[in-house]
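Dear colleague,

I am handing over the structure below, and after it you will find my notes on what was found. Please read them alongside the coordinates.

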Amino acid sequence: MAKRFLFSPSQSKNLKFGEASFEILSDFLINLNIRNKDKLSNLSRYSGDFKDKRLIECVFLVTEELRLDPLVGYHAVELLERFMIKHLEDLFSTPHTPAGAAGVHKGNYEDLVYEKLSEKFHLILLSCVQIASKLSLHSAVVDNNTAAQFLHSMGHSISKQTIMDMELMILKALDFRLNTPNPLTYVEILLEVLGHNDSSIPVEHLHHLSRHVLQFTYLQRTAIYDSLLKATTQCLSPSDEQRRTFVSVTEDCMLLGVGVIAVGAYILNVTNWEQVVEELSHITGISVKSISDFTHVTLMHITKNNSPLVTAT
């Protein structure tokens with residue numbers, strides 16, 4: 001991965017799985033690696049807080065209801081978390097005094113902030129889905145009419161102007177930097193590189209299954225990473241310090257990508273599974289042990305939840 005990055009991620013929107021040349025994949029993989037490392041070196045105290053199972057499930061259900069590509073859902077989750085982290089950091093980094101709340105203590109102020117956010121969180125969430133839909137050429141676009149109608153169906157009467165204002169607020173908070181790689185992007189790029197490196201691997205079948213594995217892993221991320229933390233530390237009750245340090249693992253999209261593919265390959269009963277793991281390790285630099293540990297823990301949760309994934313072929 002020594003080449004200089006020459007490929008703009010926005011070009012990927014014109015490509016479907018299996019269509020990219022190896023040169024484009026190589027450059028894209030370099031970019032993903034750089035951006036993943038940059039993200040891990042700039043983690044916030046709120047990182048991961050907005051990837052709660054209920055929240056992710058809500059985003060996925062909204063994208064399904066609006067008949068959007070699953071990629072939009074993953075992208076919306078990333079946009080939502082980035083916006084909420086930036087918004088909270090801005091609110092808490094400088095002293096604010098809400099109207100009518102002069103002299104409130106810090107704890108009370110934070111409670112007021114979260115209360116105000118909860119009142120409009122449904123609009124923030126939908127706006128992130130709306131923005132994500134506009135970034136995908138393989139999905140329908142959620143315009144303001146559709147957004148207003150959807151919110152009305154959920155019991156919220158919100159004007160199109162208010163929807164536009166919220167969208168602009170999110171765009172400004174993110175400095176219009178919207179093309180953030182999401183977990184599905186990592187999985188698909190890694191799969192394509194894997195297929196180029198070893199043509200014997202059935203990447204088309206693995207691609208279909210890996211999307212299901214990723215969805216399961218994303219929805220069960222709290223439980224899966226908690227088990228992985230306990231397995232790594234050999235401690236049933238990890239300390240707060242261990243949990244804070246482990247955030248760099250829970251937010252590592254490259255690890256998530258190779259782990260999901262390894263789980264899919266195991267379920268698919270790919271011949272020479274160990275060889276697949278070794279190749280993924282060679283591609284990313286992530287140790288075979290780390291990939292194997294992630295695979296073991298995830299498979300444990302899949303079988304524990306009686307997921308239909310275990311019967312996939």
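**A buried arginine, and the helices around helix 7**

In this predicted model, Arg221 counts as buried, because its relative accessibility is 8% and the cut-off for buried is under 20%. Arg221 is placed in helix 9, which covers residues 221-233. Setting aside residues up to four places away in sequence, Arg221 touches Gly48, Lys51, Ile56, Thr250 and Glu251.

**The chain as a whole**

The protein chain holds 13 helices and 0 strands, and its pattern along the sequence reads α-α-α-α-α-α-α-α-α-α-α-α-α. Of the 313 residues in the protein chain, 49% are buried. When contacts with a separation of 6 or more are considered, 75% of them in the protein chain join residues 24 or more positions apart. The exposed area of the protein chain is about 16,200 Å², and carbon and sulfur atoms supply 52% of that area.

**Helix 7 and its two packing partners**

Two packed helices are described by the angle between their axes and the distance between the axes. Both quantities are given here for helix 7 with helix 1 and then with helix 12.

Helix 1, residues 22-40, packs with helix 7 at an angle of about 135 degrees, and the two axes are 10 Å apart. Helix 1 and helix 7 are therefore oblique to each other, and helix 1 passes helix 7 in a left-handed crossing. On the helix 1 side, the residues that meet helix 7 are Phe22, Leu25, Phe28, Leu29, Leu32, Arg35 and Asn36; on the helix 7 side, they are Thr185, Tyr186, Ile189, Leu190, Glu192, Val193, His196 and Asn197. Sorted by class, this contact of helix 1 with helix 7 has 9 nonpolar, 4 polar and 2 charged residues.

The second partner is helix 12, residues 273-284, whose axis comes within 10 Å of the axis of helix 7, residues 183-197, and crosses it at roughly 110 degrees. That angle makes helix 7 roughly perpendicular to helix 12, since the range for roughly perpendicular is 65 to 115 degrees. The crossing of helix 7 and helix 12 is right-handed. Helix 7 contributes Leu190, Val193, Leu194 and Asn197 to the contact, while helix 12 contributes Val276, Glu279, Leu280, Ile283 and Thr284. By class, the contact of helix 7 with helix 12 has 6 nonpolar, 2 polar and 1 charged residues.

**Two residues of helix 7 in more detail**

Where do Leu184 and Thr185 of helix 7 find their contacts? Leu184 is in helix 7 and is buried, with a relative accessible area of 2%. Its C-alpha atom is 6.9 Å from that of Tyr74, although Leu184 and Tyr74 are 110 residues apart in sequence. Neighbours within four places in sequence aside, Leu184 is in contact with Leu71, Tyr74, Arg211 and Leu214.

Thr185 also lies in helix 7 and counts as buried, at 16% relative accessibility. Between the C-alpha atoms of Thr185 and His75, which are 110 residues apart along the chain, the separation is 9.2 Å. Again leaving aside neighbours within four places in sequence, Thr185 is in contact with Phe28, Leu32 and Leu71. Phe28 and Leu32 are among the helix 1 residues listed above for the packing with helix 7.

**Helix 2 and two loop residues**

Thr63 is placed in helix 2 and counts as buried, at 5% relative accessibility. Thr63 and Gly73 are 10 residues apart in sequence, and their C-alpha atoms are 5.9 Å apart in space. With neighbours within four places in sequence left out, Thr63 is in contact with Leu68, Val72, Gly73 and Val129.

Arg67 is found in the loop between helix 2 (53-65) and helix 3 (70-93). Phi of Arg67 is near 60 degrees, a positive value in a residue other than glycine, and Arg67 is exposed, with a relative accessible area of 75%. Asp175, in the loop between helix 6 (160-173) and helix 7, likewise has a positive phi, near 55 degrees, and is a residue other than glycine.

With best wishes

Technical notes:
Residues are numbered from 1 along each chain as its sequence is written. This is a predicted model: local features need pLDDT of at least 70, side-chain atom pairs count only at pLDDT 80 or more; totals for chains, interfaces and linings use all residues. Side-chain values use heavy atoms; hydrogens and water are left out. Axes are lines fitted to C-alpha atoms, for helices over the stretch in contact, and angles run from 0 to 180 degrees between N-to-C directions. Helices (H or I, at least four residues) and strands (E, at least two) are DSSP runs, numbered from the N terminus. Angles under 35 degrees count as roughly parallel, over 145 as roughly antiparallel, 65 to 115 as roughly perpendicular and the rest as oblique. A crossing is left-handed if the near helix is turned anticlockwise from the far one by less than a right angle, and right-handed if clockwise. Contact means heavy atoms within 4.5 Å. Ala, Val, Leu, Ile, Met, Phe, Trp, Tyr, Cys and Pro count as nonpolar, Asp, Glu, Lys and Arg as charged, and the others, Gly among them, as polar. Buried means under 20% relative accessible area, exposed over 50%, partly exposed in between (1.4 Å probe, protein chains only). Accessible areas come from the Shrake-Rupley method with a 1.4 Å probe; for residues, only the protein chains shown count as cover.
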